[in-house]
Amino acid sequence: MAFFMLPNVVEYACVCGLLNPLTKLYFCRYCMKLRCGFCVCHEVDSHFCSNCLENIPSSEAKIRKNRCNTCFNCPSCQHTLSVRASTAIVPAPSAEVVKTEGDVGGNGSKKEGTPEPSAGKPIARKMYYLSCLNCRWSSRDVGIPDQTVATGQWPEPEYANATRFSLLLEHYQSVVLHEKQEKQELWRRKTPKQSKFPSLTDRTGLTVAMIRRQMGWAESKAQVKSTPSPINKSVATETVEELPADIFTKELTLKNITTLQQRLSHPSKQPFTVNKLFPQHKLLSIKRSLRCRQCDHNVIKSEYNPSSIKYRIAMFAAYHVPEVRIVRCEPLVKGQDAFLTLKIINPTINDMTITIMDLPMEAEEKLMIDELKQAAESSASSSLMISGLSTSLTKQASLAEDPRMVEAKVNGTFRLPDSSFVINHRDDSAEFDEVVQSQQEDPKFIIWRKANQIAMKLAVQPNEDCTPEDEIIVGFSLQYTYVNTVVEKSSTPTKGPQKQALTTRVYVKLGMLSDAVSTTA
């Protein structure tokens with residue numbers, strides 16, 4: 001249960017121990033566990049412009065510095081600029097430079113019936129300029145000339161330190177390349193020698209380079225080690241330009257002074273007055289995919305087309321894990337029971353059997369963390385052995401989020417239900433059908449049932465050591481049945497999808513203690 005710009009009331013515990021609402025969690029159907037944003041690997045699939053929807057390759061986006069060539073942002077309010085057309089009266093070219101369609105090679109021959117434009121006579125021509133529909137800023141305000149083509153190359157300002165920045169960029173790129181080659185050479189020396197018998201089942205087969213290494217021959221093309229390019233160091237100077245004499249007496253017009261946001265949007269120039277604001281190329285957007293760090297399977301995968309908002313793989317936790325919502329909670333008084341009404345929704349197409357249990361003790365939680373760490377280490381070592389000790393997978397394994405204890409402190413007791421219950425599957429057409437659902441016997445704590453939703457009424461009580469400033473938090477372990485449709489490769493064939501019992505920890509924030517004081521007769 002999540003609210004926009006408000007504190008989260010119901011939070012689920014990820015495998016790593018962080019608390020998040022269900023809308024910010026993912027579900028890996030291979031590991032059968034919840035994943036948060038830190039437990040998945042973020043990968044960039046494609047770059048595109050959100051205005052013109054042009055799909056740009058990664059190499060080209062790097063050359064363009066992640067900016068679109070045709071779209072611009074307003075330097076005043078950061079909105080997208082529009083190309084506007086206007087009619088301008090310009091004088092016709094002189095008769096000496098006018099060439100007719102029949103002029104071939106500039107020999108002066110003219111086609112019959114073609115009128116010759118008179119020199120100096122004004123003609124109408126369509127011109128284009130950039131304009132912001134939000135703040136009414138236009139390229140004419142800063143003196144940018146109009147263009148004759150709507151998609152023409154708009155002139156860009158020149159910066160005094162552009163050459164220096166380009167030299168610094170080239171220098172540090174060469175430094176990074178040099179360090180990368182040194183790390184690869186060090187890794188090559190530390191890597192244990194593989195078997196002298198080559199593997200013919202490799203994806204690339206028996207290559208020429210592999211044969212040369214097995215025979216002890218040198219590589220066909222020796223790798224040239226790069227050296228950092230030299231650069232002139234910056235020298236500090238004590239000579240500073242003096243301030244103008246009228247800096248404290250000159251009257252300022254705040255309308256002509258740029259704001260902090262406008263200056264930060266132009267990091268190369270950082271203009272002081274608004275008449276030096278120039279349009280900036282629009283930043284590119286990305287489509288990213290999320291991958292589980294433990295099993296390397298995709299959790300989220302979007303479509304490649306920029307205009308499509310659909311997903312190829314959408315393993316959001318809200319589609320697979322039952323959602324818990326708080327409906328109503330009576331005022332909380334120390335030493336008295338207050339009734340809490342929760343609603344549980346089944347988002348899957350299969351019936352779920354729900355069991356509400358106590359949270360694990362501190363010793364049990366530490367044991368779970370140790371088991372998760374051992375499983376992560378074993379999976380990382382096995383993946384490294386399969387991949388031939390690749391550096392990328394080593395880095396991937398080191399970036400995995402370490403499990404930790406849940407920081408939420410439970411300060412309220414929760415009276416658990418005495419039995420399990422079943423929630424019907426999700427049926428989108430059920431609310432339009434006139435067929436009356438069959439009545440089924442429910443436990444006493446279930447007060448309402450409709451389609452794939454149930455509401456239950458439970459008793460909670462704050463602890464005796466709670467103060468009025470403390471927020472009452474209760475928690476429970478939610479066990480539910482999940483039908484796994486992933487077919488695993490095993491020696492024993494399985495018939496149909498397998499039903500498994502999964503458990504997740506849920507924490508509910510009930511608010512502060514009430515001012516009412518319990519009275520005894």
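This tour goes through charged pairs, aromatic rings and charges over rings, one selection at a time, in a model that is predicted.

**Charged pairs**

Side chains of opposite charge can pair when their charged atoms come close. The structure holds eleven salt bridges, and a few of them make good places to stop.

Begin by selecting R312 and E303, whose side chains meet in a salt bridge with an N to O distance of 3.7 Å. If you switch on the surface, you will find that R312 is exposed, with a relative accessible area of 53%, whereas E303 is partly exposed, at 27%.

Next, select E323 and R325, which form a salt bridge at 2.9 Å, N to O. Here E323 counts as partly exposed at 22% relative accessibility, and R325 is also partly exposed, with a relative accessible area of 33%.

Now move to R505 and E365, a salt bridge with 3.0 Å from N to O. This pair links distant parts of the chain, since R505 belongs to strand β22 (residues 498–511) and E365 to helix α5 (residues 362–387), 140 residues apart. Are these two residues buried or exposed? Both R505 and E365 are buried. To finish with the charged pairs, select E54, E60 and R64, which are joined into one network by salt bridges that share partners.

**Aromatic rings**

A pair of aromatic rings is described by the distance of the centres and the angle of the planes. The count comes to six aromatic pairs. Select Y26 and F316, whose ring centres are 6.0 Å apart and whose planes stand at 40 degrees, so the pair is tilted. Y26 lies in strand β3 (residues 26–28) and F316 in the loop between β13 (311–314) and β14 (323–329), so this pair ties together parts that are 290 residues apart in sequence. Y26 and F316 are both buried.

Then select F414 and F476, where the ring centres are 5.4 Å apart and the planes are at 20 degrees, so the pair is stacked. F414 sits in strand β17 (residues 412–414) and F476 in strand β21 (residues 472–484), so parts that are 62 residues apart in sequence are tied together. F414 is buried, with a relative accessible area of 12%, and F476 is buried as well, at 0%.

Return to Y26 and add Y311, F316 and Y319 to the selection, because ring pairs link these four residues into a cluster.

**Charges over rings**

For the last stops, select R140 with Y129, where R140 lies over the face of the ring at 3.9 Å from its centre, and then K457 with F339, where K457 lies over the ring face at 4.9 Å from the ring centre.

Technical notes:
Residues numbered from 1 in each chain as written. Predicted model: local features only at pLDDT ≥ 70, side-chain atom pairs only at ≥ 80, totals over all residues. Heavy atoms only, no water. Salt bridge = Lys/Arg side-chain N within 4 Å of Asp/Glu carboxyl O. Buried < 20%, exposed > 50% of the residue type's maximum accessible area, 1.4 Å probe, protein only. Helix = DSSP H or I, 4+ residues; strand = E, 2+ residues; numbered from the N terminus. Phe/Tyr/Trp six-rings, centres within 6.5 Å; stacked < 30°, edge-to-face > 60°. Lys NZ or Arg CZ within 6 Å of the ring centre and 35° of its normal.
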